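Got your viewer open? Let's take a walk through this one, a stop at a time.

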Amino acid sequence: MKKIVVFIVLLFGIFTVSGQKKSRADRFFEKGDFLNAAVEYEEILNENGYSKPVLLHISESYYNTFQFKQAYRYLRILTEGKFYARDKTYDNKFNFMMYQVLSALGDYDKAVTYLTEYNKNNNASNFSVQDAISTIEAFKLKEDDYQIKEGAFNSDASEFGAVRMDSLIYFASDKYPNGLTDKQYRWTHRPFLDIRKIKVDDKNVPIGDSEEIEGKINGKLHEGNFCFSKDGNTLYLSRSNYDKGKKKFDSLQQNAIQLYKSEKIKGEWSIPQKLAFNDVSFSIEHPTLNADGSKLFFSSNMPGGYGDFDLYYVEIDAAGIFGDPVNLGAMINTVNREQFPFVSDDNHLFFASNGHLGLGMLDLFVSEYTDKGFKAPVNLGAPINSRYDDFSISYYSDTDDFFASNRKKEGDDIYEFNQIGEIFTREYVTQFEVRDFATERYIENAEVSIKDGQMNQLYSNTFDSIASFSLTTLPGNFEFTAKASGYNERSKPIKILEKEDQLIVLYLEKSLVTDSLTRTKKNEDTLALEDSDTNTNPPKVTSAQLKEQLLRDTEGPPVVEKNGKLFFELPPIYFDYDKWNIRADSKKVLDEFAKKLEKYKSVYIKISSHTDSRGTDTYNQVLSEKRAESTRNYLALVGYVNARRMKFQGFGESQPLINCKDKICNEEEHQTNRRSEFEIIKY
């Protein structure tokens, strides 16, 4: 019996050692070579089926290499417990990973359920699923504050961290400096990052090719995000920690990032020196100076923070001595990542985060600086932010500069932007007037009202002789209505912009009265003689006759009959993805339509807008309403079509021409579902 027990113990020991033996996939994973690790784990899963340790590692490998569809496949199996093990638990970080992956794939409804689970396991309170979805949708639906375009100097390599100094743009890149024989970083299978520069014209168009920054700034490993002092003679940079050609490792056995400083002496950059507050046991990275150069901000995973990476600053005294790192606190930092800070000339703090609620992976935020410190961060919204990583923003003027994103490829690209709106919400004073269309004089005893986009009344009043007033409101869409005795009542959709002292004038036309009240007796006699000559009155057009006329009229958009209803048949009104602004190609279509409506002034229409099935039901409903309203507003404001003749309604994805819920639709089929319809509801 004793021999049997010894045999069983020995056998158990053999299996334990065998089970602990690291696979080739595990070795790749531990070294940070996630691309090769994923390939090897696929082979293990094909041979042995779904085991928990392999699912954990393959999910993380695909996540770390931005292969989100594959990551979702294995994260779903993991989180649903469809693997061989009695213990179905897993680390909470995989719930957060699933939230990010689903956000990157555009499925925010599902994504937020995993964020809810993640927050619950972290004992986070006051989290509402519906509020989170509404907030995300608001980020996508907010008015654009930026116009963006891809940088003209992007290449096949990854580029980010662009900083413009005079006619040069500096940036970090993993471009092959010497050729395909260059040493590669295991994580990306690309060269290590270097700081490069390129000469550009005043429109940021390259003049020649990029080249490495001069001097001994670049080394054998990574040189990443950096910043210059105002005079351009001091350079702070993120750099892999190594000494005498050997890597230094932190407490997690990773090659940490440290901050270095180089000074330009007689036109040459000095050898970068480590800053005094670096520590071998953690990373300090992504430097940026405040407006007067008295504080250096950065990101770090040093102990004592709120999460993975937090934002900090150190004071710099007149002698250039650095103080102790100060954490920016829970208003800015979360349990996840805050990185890539940038401080504007107004001392507002821009940064990237995946801990604050956003559209996808890393999103860009800004925290307004006031006398009381930094305020709660504001998501910059689309188009700056996307479902993917958006980071490394900076300004070289009041309204222009760069950010980076991997929204179009696995690597990063630099994007230029122009700020066209106010980032921080505030109220503006707008002046309103009601005048006579013919004389342009103020209309006496005018009754006015202002309603917001939800038709809630914000203001109403009746004026004696001068119909003029001012109103302080937030920017947005409103309806301005006025009426007065002897005038036709008129409503006008208006847009209050982000600027002071706008003037909005509503012109009223005098109402038509009977001939007996407006014409002299002499005119009546003349008309009577004229009528006696013809003995007829101009014939009135009946509804049936007008219908026939509309159906026969081929000038401009034609009218067609469908299921007993009349519709104007227009070419497609195109909108950019996730947007509702009228595009230039659609303006031409609507201009022609406005001419047709002007021809038939007794025709009233209903504008119906439909989306495809991608996105949440709520989001698509709001988006379609905005598109329908935008179309109505263009016809009223630009085409001068009376707004009272036009109703609008958004139907979201509720009335598709092609059912994409039960099949995978191609882009052409989705476009068929994205449409606007113009029904004649009265004539």
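How many salt bridges are there between domain 3 and domain 4? The count is one. We'll get to it after a look at the overall layout, and bear in mind that this is a predicted model.

**Stop 1: colour the domains.** Give a separate colour to each of domain 1 (24-126), domain 2 (155-347), domain 3 (428-508) and domain 4 (543-682). Then keep domain 3 and domain 4 on screen; their centres, taken over C-alpha atoms, are 28 Å apart.

**Stop 2: the salt bridge.** Select R644 and E489 and show their side chains. They meet in a salt bridge, with 2.7 Å from N to O. Going by residue numbers, E489 falls within domain 3 and R644 within domain 4. While you're at this boundary, look for polar contacts as well: two residue pairs make them between domain 3 and domain 4, with both residues at pLDDT 80 or more. On the domain 3 side, select β32 (476-483) and β33 (490-496); each strand supplies at least two residues of the side that touches domain 4.

**Stop 3: the rest of the interface.** Here, seven residues of domain 3 are in contact with seven residues of domain 4. The size of an interface is often given as the accessible area lost when the parts come together. For domain 3 and domain 4, about 640 Å² is buried between them, and 47% of that is on carbon and sulfur atoms. Now pick out N477, S491 and P493: this trio supplies 62% of the area that domain 3 buries against domain 4, more than any other three residues.

**Stop 4: a five-stranded sheet.** Switch to cartoon view and move over to domain 4. Five strands make an open sheet with mixed pairing, in the order β35-β36-β39-β37-β38. At its edges are β35 (559-562) and β38 (646-650), each of which pairs on one side only. Ignoring direction, neighbouring strands are turned by 30° against each other on average.

Next, select residues 604-610 and 675-682, which are β37 and β39; the two strands pair in the antiparallel sense over seven bridges. To see one bridge pair, click on S609, whose partner in β39 is S676.

**Stop 5: the helices on the sheet.** Which strands does helix α12 lie across? Select residues 584-599 and you'll find the helix across β36 (565-568), β37 and β39, running at about 130° to β36. Finish with helix α13 (residues 617-637), which packs on the sheet and touches β37, β38 and β39. The direction of α13 makes about 160° with that of β38.

Note on methods: Residues numbered from 1 in each chain as written. Predicted model: local features only at pLDDT ≥ 70, side-chain atom pairs only at ≥ 80, totals over all residues. Heavy atoms only, no water. Pairing = 2+ DSSP bridges. Helix = DSSP H or I, 4+ residues; strand = E, 2+ residues; numbered from the N terminus. Axes fitted to C-alpha atoms, helices over the stretch in contact; angles between N-to-C directions. Contact = heavy atoms within 4.5 Å. Domains from an automatic or database assignment. Buried area = accessible area lost by both parts, 1.4 Å probe. Salt bridge = Lys/Arg side-chain N within 4 Å of Asp/Glu carboxyl O. Polar contact = N/O pair within 3.5 Å; in protein donor to acceptor, adjacent residues only side chain to side chain.
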